[in-house]
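Biologist: Please take a close look at one helix-to-helix packing in this chain, and set it in the context of the whole fold. I would like to know which residues make the contact and how they sit.

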Amino acid sequence: MKTTHYPALAIAAITGSLLLAACSNSPAEQSADMEKKMDKIEDKMADSKVADSPAEWENEREAILKDLRDLRDNIDRKLARTTEKLASKDLKPSERAEQEALRVELNREKDKVAAAITKAENATDANWNASKAELRQAADEVQGWWARQMEKIDVETKADNDKDGH
C-alpha cells in the first residue's frame, strides 16, 4: 500500500519558507519600538480623565495626536525602507514577496493610524469621550498587529527578541 503525503509536505515547505522570510532582527527592533509607542498612546488615553476645561481637553487631544503622528512617521519610514528594498534588482523572489506583503501590511496600518488622526483632529469637546474610545480601539488594533509581527519573528528565529517570555 503506497501512501503519499504530498499535501502535508507542501504545507510544511510553505510554512517553513514563510517562517524563514522574516528572520531579520531589524523588523523585531522596529516592532518593539512601535509596540512601546502604541503602549504610550494607550496609557495617555487611559490616564486622561474627562476634561474639566477646554484647555484640558485640548491638551489631551494634542498629546494623543502627537503620539499618533509619531507612529505614522515611523510607519512611513519603514514603508520607505521597504519600497527601497523592493526597488533593488538583486532581490530574491521570496524576499520580494515578503517585502511586498510587508508593504501591504504597512499601508493598511498606516491607513488605520491616519483615520485615527483624522478622528482626533475632528473631535470636539462634546464628542471627545466617544472619539477617545474609538481612538483606543484603533490603537489596540495597530498594537495587536505589531505584537503579532514580533511573535512571528520570535517563532522564526527561536529567540525572544521582544522579551515577552514567548
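Modeller: The secondary structure of the protein chain amounts to five helices and zero strands, where helices (H or I, at least four residues) and strands (E, at least two) are DSSP runs numbered from the N terminus, and read from the N terminus on the order is α-α-α-α-α. This is a predicted model, in which local features need pLDDT of at least 70 and side-chain atom pairs count only at pLDDT 80 or more, whereas totals for chains, interfaces and linings use all residues. Residues are numbered from 1 along each chain as its sequence is written, and side-chain values use heavy atoms, with hydrogens and water left out.

Of the 166 residues in the protein chain, 32% count as buried, that is, under 20% relative accessible area, with exposed meaning over 50% and partly exposed in between (1.4 Å probe, protein chains only). Among contacts in the protein chain with a separation of 6 or more, 72% come from residues 24 or more positions apart, a contact being heavy atoms within 4.5 Å.

The packing to examine is that of H3 (residues 54–87) and H5 (residues 128–157). Their axes lie 12 Å apart at an angle of about 25 degrees, the axes being lines fitted to C-alpha atoms, for helices over the stretch in contact, with angles running from 0 to 180 degrees between N-to-C directions. H3 is therefore roughly parallel to H5, since angles under 35 degrees count as such, over 145 as roughly antiparallel, 65 to 115 as roughly perpendicular and the rest as oblique. On the H3 side the contact is made by Trp57, Glu60, Arg61, Ile64, Leu68, Leu71 and Ile75, and on the H5 side by Trp128, Lys132, Leu135, Val142 and Trp146.

Within this contact, Leu135 of H5 is buried at a relative accessible area of 2%, and its C-alpha is 9.0 Å from that of Ile64, although the two are 71 residues apart in sequence.

The structure also holds one aromatic pair, where rings of Phe, Tyr and Trp (its six-membered ring) pair if their centres lie within 6.5 Å. The rings of Trp57 and Trp128 have centres 6.1 Å apart and planes at 85 degrees, so the pair is edge-to-face, planes over 60 degrees apart counting as edge-to-face, under 30 as stacked and the rest as tilted. This pair links Trp57 in H3 with Trp128 in H5, 71 residues apart. Both partners are buried, Trp57 with a relative accessible area of 9% and Trp128 with 2%.
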